[in-house]
Amino acid sequence: MDKSAALRAATLLRDFTDVGLRIIADFGVERAVGRGTLAFRAGDPSDTLSFIARGTLQLVPRDGGSPLGEVTAGDAVGGLALLVDGEHVLSALAMDDVELVELTKSAFEEMKKTHPRTALKLTLNLAQDLAERLREAKGPLREFLVWQVSKRQPEGR
């Protein structure tokens, strides 16, 4: 797989230069997930940003239930894992053979030391993506997300 080409298709990285994409590709690792296999399971620790290079992952709630959506080539999942410690809130089931380019938190930490501008730009893009998702959320989901963010603010603000 050409990791740089796969990353070039990623919406999250749409404003990155070829040099920036190559830096992320150098820190990223390829991972194949076979059809019918979980890429990750809800409740497991989350420490990886995954860019979908090929295929489709179906996002499923922890308790099974109906799928909540799909991510395909050009999408990314797990970006928050680079910014805060946590766990997967959903499972991701491969609907077909899937190829991922993954950036682990430890690789991201190393990138911050050796390529701070690229790491900062990625951090800003992740924050902007999260803000857009929050803005687009509807009804109870939006209220829940706002509550989650507000409860993390220091008292007196």
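Colleague: Which residues does Leu 103 touch, not counting residues up to four places away in sequence?
Modeller: This is a predicted model: local features need pLDDT of at least 70, side-chain atom pairs count only at pLDDT 80 or more, and totals for chains, interfaces and linings use all residues. Residues are numbered from 1 along each chain as its sequence is written, and side-chain values use heavy atoms, leaving out hydrogens and water. With contact meaning heavy atoms within 4.5 Å, Leu 103 touches Phe 27, Gly 28, Asp 47, Thr 48, Leu 49, Leu 82, Phe 108, Met 111 and Leu 122.

Colleague: Which element gives the largest share of the largest nonpolar core?
Modeller: A nonpolar core is a set of buried Ala, Val, Leu, Ile, Met, Phe, Trp, Tyr and Cys residues joined through side-chain atoms within 4.5 Å; buried means under 20% relative accessible area, exposed over 50%, partly exposed in between (1.4 Å probe, protein chains only). The largest one here has 22 residues, with Leu 103 and Met 111 among those with the most contacts inside it. Helices (H or I, at least four residues) and strands (E, at least two) are DSSP runs, numbered from the N terminus. The largest share, 5 residues, comes from α2.

Colleague: How wide an arc do the buried residues of α3 cover around the axis?
Modeller: Those residues are Lys 105, Ala 107, Phe 108 and Met 111. They sit on the same side of α3 because, going by directions from the helix axis to the C-beta atoms, their arc is only 155°.

Colleague: What is the relative accessible area of Ala 73?
Modeller: Ala 73 sits in the loop between β6 and β7. It's partly exposed, because its relative accessible area is 45%.
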